[in-house]
Amino acid sequence: MPTILAVLALSLPAHPQAGAVSAKAREIQNSAIVIDTHADTPQRFLDENYDIGSTDPNDRGHISLDKAKAGNLGAEFFSIWVEPETNQGHFARHTLDLIDSVYEQAARHPERMMMAFSVEDIERAHREHKLAALLGIEGGHSIENDIRLLRDYYRLGVRYMTLSWSNTNEFADSSGDINDPRVEHHNGLTEGGKKIVLEMNRLGMLVDISHVADKTFWDTIAVTEAPVIASHSSARALTNHPRNMTDDMLRAVAKNGGVVQVNFYSAFVDENYRKAADAQSKERDAAVKAHIEGLRAAGKTPTYLDSDRIEREWAAKIPRPPMSSLIDHIDHIAKVAGIDHVGLGSDFDGVSGATPQGIDSAADLPKITQALLDRGYSADDIRKILGGNILRVFGEAELVSRKLQATAEQK
Ligand SMILES: [Zn+2]
């Protein structure tokens, strides 16, 4: 019945499959400098000896050079995250090992990837069709309460630091343990923490408020001289998770000139998923703990990948949310904070595979562009979300740094 098939084909809508990318969306994607501000792939580089040049079709990772190319990802901030339990007593060493792992990947693939430390580097990488690799520390515990280590990390190329991870450290309260009475808290940011924020401003290291407790956020906003970023946080009005930002916080970041980079993690972007994940948390955490303790008893040193394996099994029990949940967060932040204050902070390779339907790797980023087009966003606005905004904020932080250093010289 060829005729009937032809008629059927003609009557299909312009975007027959969910997640299909039109020529227009593809064109916008390819004309943008696409920047993602959070991927945990360094855990794989270090623990798994994963090579970013991998072409393995069965690899379930979110980032490879091929996947980045397919999504026209231009720059990635690789997360330097030191798991505080398993690395007790040697946070700095593990920080340095992770930093090294990113440099080693760039050295292996000089034709397709380069280390980047500035706006100019990101733009150069874009012109040379290379993936710009940047470094962001996730968790102030990495500096071991030593401002000199902070400066050393800057010299090694680190360009953002989240003031805390899920653990409260010596100078900043975290959203991850703020209700845990066993943890000693500071009511936000300590005086030392304020000095660290100002030193980051002076150095030109972006102050990242993802993961911090609400009071830490407000203390940081009050003291910072440069625009801040949330490298991977979503909106609490839509998904009620303490890792997400309230509308008041979104407006404060807008006033500060900063940017909120939306996290893709299903439990941060979909309220039903969050509730389901929350309901299984006790059993899941016990299973992870038992697995880790079993490895220790067998004389092995557990890594992130060991807990990730169990986390994935539990994540697979909950249906993935639709991609529209993720787009709702981008849309909400664009409406509340403004189009100049929203971007992408995927948390790729850090969420045990729990991303919305259709988002399986960096290759799927053009689907976000398509979804924004479908909601009426203009090409210029989409390019801001894809990377223009974070590039502007990074440039402003560089400018503030130069000004602060010039003033210091005059004194
Ligand atoms: Zn994180």
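# Exercises on a predicted model

His-129 counts as exposed, at 60% relative accessibility. Keep that residue in mind for the first exercise, and remember that the whole structure here is a predicted model.

## Exercise 1: two unusual backbone angles

**Task.** Find where His-129 sits and what is notable about the phi of His-129, then do the same for Asn-49.

**Solution.**
- Step 1. Start with location: His-129 is in the loop that runs between α6 (119-127) and β4 (131-138).
- Step 2. Check the backbone. The phi of His-129 is near 55 degrees, so we have a positive value in a residue other than glycine.
- Step 3. Recall the background: most residues other than glycine have a negative phi.
- Step 4. Move to Asn-49, which lies in the loop between α3 (41-47) and α4 (65-70). Asn-49 is not a glycine, yet its phi is positive, at about 55 degrees.
- Step 5. Finish with accessibility. Asn-49 has 56% relative accessibility and counts as exposed, because the cut-off is over 50%.

## Exercise 2: salt bridges, buried or not

**Task.** Work through three salt bridges, Glu-128 with Arg-124, Arg-274 with Glu-271 and Asp-308 with Arg-312, and sort out the accessibility of the partners where you can.

**Solution.**
- Step 1. Get the overall count: a search of the whole structure turns up 28 salt bridges. The idea behind them is that side chains of opposite charge can pair when their charged atoms come close.
- Step 2. Take Glu-128 and Arg-124, whose closest N and O atoms are 3.8 Å apart. That passes as a salt bridge because the cut-off is within 4 Å.
- Step 3. Look up the accessible areas. Glu-128 has a relative accessible area of 35% and Arg-124 has 36%. Each one lands between 20% and 50%, so Glu-128 is partly exposed, and Arg-124 is partly exposed as well.
- Step 4. Go on to Arg-274 and Glu-271, which pair at 2.8 Å, N to O. The two residues are in helix α12 (residues 271-279), three residues apart, about one turn of the helix. With a relative accessible area of 15%, Arg-274 is buried, because buried means under 20%.
- Step 5. Now Asp-308 and Arg-312, with a salt bridge of 2.9 Å, N to O. They are four residues apart in helix α14 (residues 304-315), which means about one helical turn separates them. Asp-308 and Arg-312 are buried.
- Step 6. Close with the network: Asp-121, Arg-124, Glu-128 and Lys-130 are joined into one by salt bridges that share partners.

## Exercise 3: helix α2 and its crossings

**Task.** Describe how α2 packs against α17 and against α16.

**Solution.**
- Step 1. Decide what to look up: two packed helices are described by the angle between their axes and the distance between the axes.
- Step 2. For helix α2 (residues 23-31) and helix α17 (residues 379-410), the axes come within 10 Å and cross at roughly 50 degrees. That angle is why α2 and α17 are called oblique to each other. The crossing is right-handed.
- Step 3. Name the residues. From α2 come Ile-28, Gln-29 and Ser-31, and from α17 come Ala-379, Ile-382, Arg-383 and Leu-386. Sorted by type, the contact of α2 with α17 has four nonpolar, two polar and one charged.
- Step 4. Repeat for helix α16 (residues 365-374). Here the axes come within 9 Å and cross at roughly 115 degrees, and this crossing is right-handed too.
- Step 5. On the α2 side, Lys-24, Ala-25, Arg-26, Ile-28 and Gln-29 make the contact; on the α16 side, Leu-365, Pro-366, Thr-369, Gln-370 and Leu-373 do. The tally for α2 with α16 is five nonpolar, three polar and two charged.

## Exercise 4: a buried helix face and a buried loop residue

**Task.** Which elements do the buried residues of α10 pack against, and what is Thr-190 in contact with?

**Solution.**
- Step 1. List the buried residues of helix α10 (residues 247-256): Met-249, Leu-250, Ala-252, Val-253, Ala-254 and Asn-256.
- Step 2. These residues pack against α9 (214-223), β8 (259-262) and α15 (323-336).
- Step 3. Look just past the helix: Gly-257 follows α10 and has a positive phi, near 85 degrees.
- Step 4. Turn to Thr-190, in the loop between β5 (158-162) and α8 (191-203). Its relative accessibility is 18%, so Thr-190 counts as buried.
- Step 5. Set aside neighbours within four places in sequence, and Thr-190 is in contact with Glu-170 and Phe-171. The C-alpha atoms of Thr-190 and Glu-170 are 8.1 Å apart, though the residues are 20 apart along the chain.

Note on methods: Residues are numbered from 1 along each chain as its sequence is written. This is a predicted model: local features need pLDDT of at least 70, side-chain atom pairs count only at pLDDT 80 or more; totals for chains, interfaces and linings use all residues. Side-chain values use heavy atoms; hydrogens and water are left out. A salt bridge is a side-chain nitrogen of Lys or Arg within 4 Å of a carboxyl oxygen of Asp or Glu. Buried means under 20% relative accessible area, exposed over 50%, partly exposed in between (1.4 Å probe, protein chains only). Axes are lines fitted to C-alpha atoms, for helices over the stretch in contact, and angles run from 0 to 180 degrees between N-to-C directions. Angles under 35 degrees count as roughly parallel, over 145 as roughly antiparallel, 65 to 115 as roughly perpendicular and the rest as oblique. A crossing is left-handed if the near helix is turned anticlockwise from the far one by less than a right angle, and right-handed if clockwise. Contact means heavy atoms within 4.5 Å. Ala, Val, Leu, Ile, Met, Phe, Trp, Tyr, Cys and Pro count as nonpolar, Asp, Glu, Lys and Arg as charged, and the others, Gly among them, as polar.
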